[in-house]
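Okay, thanks for squeezing me in before coffee. I'll put the model up and then walk through a few bits of packing.

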Amino acid sequence: MENYSIIIFILAIVIGLSAFADKLKIPYPILLVIVGVEIGFIPTMAEIEINPEIIFLLFLPPLLYDASFNISPKDFKTNLHTITTLAIWLVFLTTIAIAVVAYYLIPEMTWPLAFVLGAILSATDAVAAINITKGLKIPHKTITILEGESLINDASALVAYRFAVAAVMGAAFIIWKAALEFILLLGGGFLVGFVMSKILAFILKRVQKKPEVTISFMLLMPFVTYLVAEHLHVSGVIAVVILGLAISRFSKKIFPESLKNQSKGLWDVIIFLLNGLIFILIGLNFRYILKDIDTEMILPYIGYAAIITIVALLVRMARVYLQKINLQKAFQKSKNGKRRVSEHALLDFGNSLIISWSGMRGIVSLAIAIGLPKNLEDGTPFPLRNAIIFISVAVVLLTLIGQGLTLPWIVKKINEIEEKKTAKPIKF
């Protein structure tokens with residue numbers, strides 16, 4: 001009963017703060033994180049233990065489904081090369097970069113443990129970036145790329161994390177086996193998502209005259225799809241994304257406007273509450289993670305987290321700007337009279353900077369970190385577990401608060417520059 005009371009209390013705070021965020025001129029997610037940290041330090045506040053499996057099941061399916069349902073398939077296809085570059089190759093590149101820094105920076109850090117930390121912090125949380133920049137004039141292309149990246153990068157990060165933890169446990173890492181498993185995970189997830197979308201479409205055709213039943217099936221199916229995929233040991237993330245993309249096209253063809261509006265209204269409320277819970281839970285758990293760290297190591301670990309945050313940002317900026325150059329080169333080349341890359345896929349300086357600065361970490365990194373095994377197979381404690389969790393949470397907080405508070409300012413400055421460029425001189 002106490003836990004239920006705390007959850008109701010948190011939901012009340014989420015709803016209440018949403019009304020004051022604009023007046024305080026602080027992005028809503030950042031405000032929730034800061035308030036969550038403060039609430040966590042209330043002496044009488046009971047600890048809320050985050051179960052990673054519950055986090056993945058409760059938060060990921062609806063958020064992924066909603067994002068994939070609302071994304072434009074045409075825009076997604078146009079920017080697919082950039083999306084896959086960020087969601088797959090950048091994830092693995094970031095894992096390696098953070099691992100190298102952690103290995104040479106943190107005492108007693110081994111290569112397998114360094115790669116565990118890198119994998120935990122490799123995926124960005126576009127939910128935070130999109131919520132922080134909501135209401136600002138961000139190009140639709142930029143939002144599509146950020147949302148598209150978030151649909152796939154969790155799958156890449158989870159694969160990297162799985163192999164890194166296996167290496168700590170003593171398993172040998174063989175690159176061709178890792179690549180094959182990654183392909184099977186993605187391919188299997190695609191197949192499960194496709195099959196489940198056909199099943200849901202078959203059901204919706206027969207119940208579409210009953211709005212309550214239709215919406216209930218659409219709410220339930222992302223969770224069912226995720227569970228089925230995970231049970232078959234393929235990517236639940238990709239399965240839910242494919243389900244959302246397929247049902248989005250299906251619903252546009254057969255659903256009446258009244259049903260679309262009714263469904264959208266309900267989903268908006270659910271996503272609003274889930275997003276609020278995500279950010280406040282990140283803040284709440286800082287106190288409980290802090291208690292497992294020796295006092296004299298707190299400042300050094302925060303320092304390591306700050307360096308890792310900067311390295312991850314620089315790697316992301318470098319890869320995004322390299323992608324910008326590659327797209328421009330590909331656009332200049334043609335094959336059979338056709339451009340190899342659409343003009344709509346090109347990135348300018350403003351797009352690139354916003355995408356780079358939107359590389360914040362969030363609930364997935366937190367859940368993966370907390371889900372680290374407590375013991376190795378021989379029963380000995382998992383090495384540096386508390387340190388890895390603390391540094392991971394510190395990086396999440398630093399990126400959310402640091403990049404989150406400055407991102408709106410960057411967007412406004414870019415818009416001002418663009419407006420000056422497009423402004424025509426007045427002739428007398």
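So, start with arginine 316. Leaving aside residues up to four places away in sequence, arginine 316 touches Leu86, Leu90, Thr124, Leu146, Glu149, Ile355, Ser356, Ser358 and Gly359. Keep in mind that this is a predicted model. Where is arginine 316 along the chain? Its place is in helix α14, which covers residues 298-332. And is arginine 316 buried or exposed? Its relative accessible area is 3%, and the cut-off for buried is under 20%, so arginine 316 counts as buried. As for a polar partner, the arginine 316 side chain gets to the backbone oxygen of serine 356, at 3.4 Å. Serine 356 is also one of the residues in that touching list.

Right, on to helix pairs. Take α6, residues 80-105, and α7, residues 111-120: they pack at an angle of about 130°, and their axes are 7 Å apart. That angle makes α6 oblique to α7. The handedness of this crossing is right-handed. Who meets whom here? From α6 you've got Thr95, Ile96, Ile98, Ala99, Val100, Ala102, Tyr103 and Tyr104, and they meet Trp111, Ala114, Phe115, Leu117, Gly118 and Ala119 from α7. Sort the residues of that contact by class and you get 12 nonpolar, 2 polar and no charged.

Now the other pair, α2 at residues 28-40 and α13 at residues 257-290. Their axes come within 7 Å, with a crossing at roughly 40°. Oblique is therefore the word for α2 and α13 too. Again, α2 passes α13 in a right-handed crossing. On the α2 side the contact has Tyr28, Pro29, Leu32, Val33, Gly36, Val37, Ile39 and Gly40; on the α13 side it has Phe272, Gly276, Phe279, Ile280, Gly283, Leu284, Phe286, Arg287 and Tyr288. The class split for α2 with α13 is 12 nonpolar, 4 polar and 1 charged.

Last stop, helix α16, residues 363-370. How many of its residues are buried? It's 8 of the 8, so α16 is largely enclosed by the rest of the structure. Reading along, those buried residues are Ile363, Val364, Ser365, Leu366, Ala367, Ile368, Ala369 and Ile370. And what do they pack against? That would be α3 (52-58), α4 (60-70), α7, α9 (140-168), α13 and α17 (385-422). So α7 and α13, from the two pairs I just showed, turn up here as well.

That's my lot, happy to go back to any of those spots.

Note on methods
Residues numbered from 1 in each chain as written. Predicted model: local features only at pLDDT ≥ 70, side-chain atom pairs only at ≥ 80, totals over all residues. Heavy atoms only, no water. Axes fitted to C-alpha atoms, helices over the stretch in contact; angles between N-to-C directions. Helix = DSSP H or I, 4+ residues; strand = E, 2+ residues; numbered from the N terminus. Parallel < 35°, antiparallel > 145°, perpendicular 65-115°, else oblique. Left-handed = near helix turned anticlockwise from the far one by under 90°. Contact = heavy atoms within 4.5 Å. Nonpolar A, V, L, I, M, F, W, Y, C, P; charged D, E, K, R; others polar. Buried < 20%, exposed > 50% of the residue type's maximum accessible area, 1.4 Å probe, protein only. Polar contact = N/O pair within 3.5 Å; in protein donor to acceptor, adjacent residues only side chain to side chain.
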